[in-house]
Amino acid sequence: MSESQALHITRLVETNYKRISSLDVTPGNRTLVIYQGPNEAGKTSALEGLIAALGGKRKAAEVPIRAGADDCIIEATIGGASGNKYHVVRSFKGDKAYLSVYS
């Protein structure tokens with residue numbers, strides 16, 4: 001894949017995934033985003049949510065829904081230099097997983 005075809009995360013939104021109640025990251029034109037915080041703050045959960053959104057139910061945590069919540073939603077917007085944009089929505093409710101992809 002050439003650099004002009006490379007895709008980048010332009011926004012990541014997670015609600016009730018593992019330890020995260022709410023997360024909204026929009027990196028803009030940055031090539032590096034640094035997650036930092038104390039232990040058990042949700043850094044790994046944020047990255048695992050992105051992997052679950054793009055990798056499917058098999059890549060999700062065994063218990064993806066935050067304790068006390070009924071469902072969780074992970075939204076990843078991915079774009080490239082060519083102007084192509086994709087919006088991936090992965091949600092979990094009970095033991096079911098759902099996927100929607102928009103371009």
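The following is an exchange about a predicted model and the reasons behind some of its labels.

Reader: What makes aspartate 24 and arginine 11 a salt bridge?

Author: The rule asks for a side-chain nitrogen of Lys or Arg within 4 Å of a carboxyl oxygen of Asp or Glu. The closest N and O atoms of aspartate 24 and arginine 11 are 2.5 Å apart, so the pair meets the rule. Aspartate 24 lies in strand E2 and arginine 11 in strand E1, so parts that are 13 residues apart in sequence are tied together.

Reader: Why are aspartate 24 and arginine 11 called partly exposed?

Author: Partly exposed covers what is neither under 20% nor over 50% relative accessible area. Aspartate 24 has 45% relative accessibility and arginine 11 has 37%, so both get that label.

Reader: How many salt bridges are there by this rule?

Author: The count comes to three. Another of them joins glutamate 48 to lysine 18, with the closest N and O atoms 2.4 Å apart. Glutamate 48 belongs to helix H1 and lysine 18 to the loop between E1 and E2, so this pair links parts 30 residues apart in sequence. Glutamate 48, at 27% relative accessibility, counts as partly exposed, and lysine 18, also at 27%, counts as partly exposed.

Reader: Why does the pair of arginine 19 and glutamate 40 count as a salt bridge?

Author: Their closest N and O atoms are 3.6 Å apart, and the cut-off is within 4 Å, so the pair counts. Arginine 19 sits in the loop between E1 and E2 and glutamate 40 in the loop between E2 and H1, so the parts they tie together are 21 residues apart in sequence.

Reader: Is arginine 19 or glutamate 40 the one called exposed, and how do you know?

Author: Exposed requires over 50% relative accessible area. Glutamate 40 has 62%, so glutamate 40 is exposed. Arginine 19 has 49% relative accessibility, so arginine 19 counts as partly exposed.

Reader: What is noted about the phi of glutamate 40?

Author: Its phi is near 65 degrees, a positive value in a residue other than glycine. Such a value is worth noting because most residues other than glycine have a negative phi. Asparagine 16 is also not a glycine, and has a positive phi of about 65 degrees.

Reader: Where is asparagine 16, and is it buried or exposed?

Author: Asparagine 16 is in strand E1. Its relative accessibility is 18%, and buried means under 20%, so asparagine 16 counts as buried.

Reader: How do you know that strands E1 and E2 pair?

Author: Pairing needs at least two bridges between the strands. Five bridges join E1 (residues 7-17) to E2 (residues 20-25), so the requirement is met. The two strands run antiparallel. Leucine 23 in E2 is the bridge partner of glutamate 14. The hairpin of E1 and E2 has two residues between the strands, and lysine 18 there takes a positive phi near 50 degrees.

Reader: Which residues form the nonpolar patch on the surface?

Author: Leu7, Tyr86, Leu99 and Val101 form the patch, and together they have about 350 Å² of accessible area.

Reader: What makes valine 101 exposed, and why can it be in a patch?

Author: Valine 101 has 51% relative accessibility, and exposed means over 50%, so valine 101 counts as exposed. A patch takes residues with over 30% relative accessible area, so 51% passes that cut-off as well. Valine 101 lies in strand E5 (residues 96-102).

Key
Residues are numbered from 1 along each chain as its sequence is written. This is a predicted model: local features need pLDDT of at least 70, side-chain atom pairs count only at pLDDT 80 or more; totals for chains, interfaces and linings use all residues. Side-chain values use heavy atoms; hydrogens and water are left out. Patches are made of residues with over 30% relative accessible area and no salt bridge: like charges are joined within 9 Å, nonpolar side chains (Val, Leu, Ile, Met, Phe, Trp, Tyr) within 5 Å. Accessible areas come from the Shrake-Rupley method with a 1.4 Å probe; for residues, only the protein chains shown count as cover. Helices (H or I, at least four residues) and strands (E, at least two) are DSSP runs, numbered from the N terminus. Buried means under 20% relative accessible area, exposed over 50%, partly exposed in between (1.4 Å probe, protein chains only).
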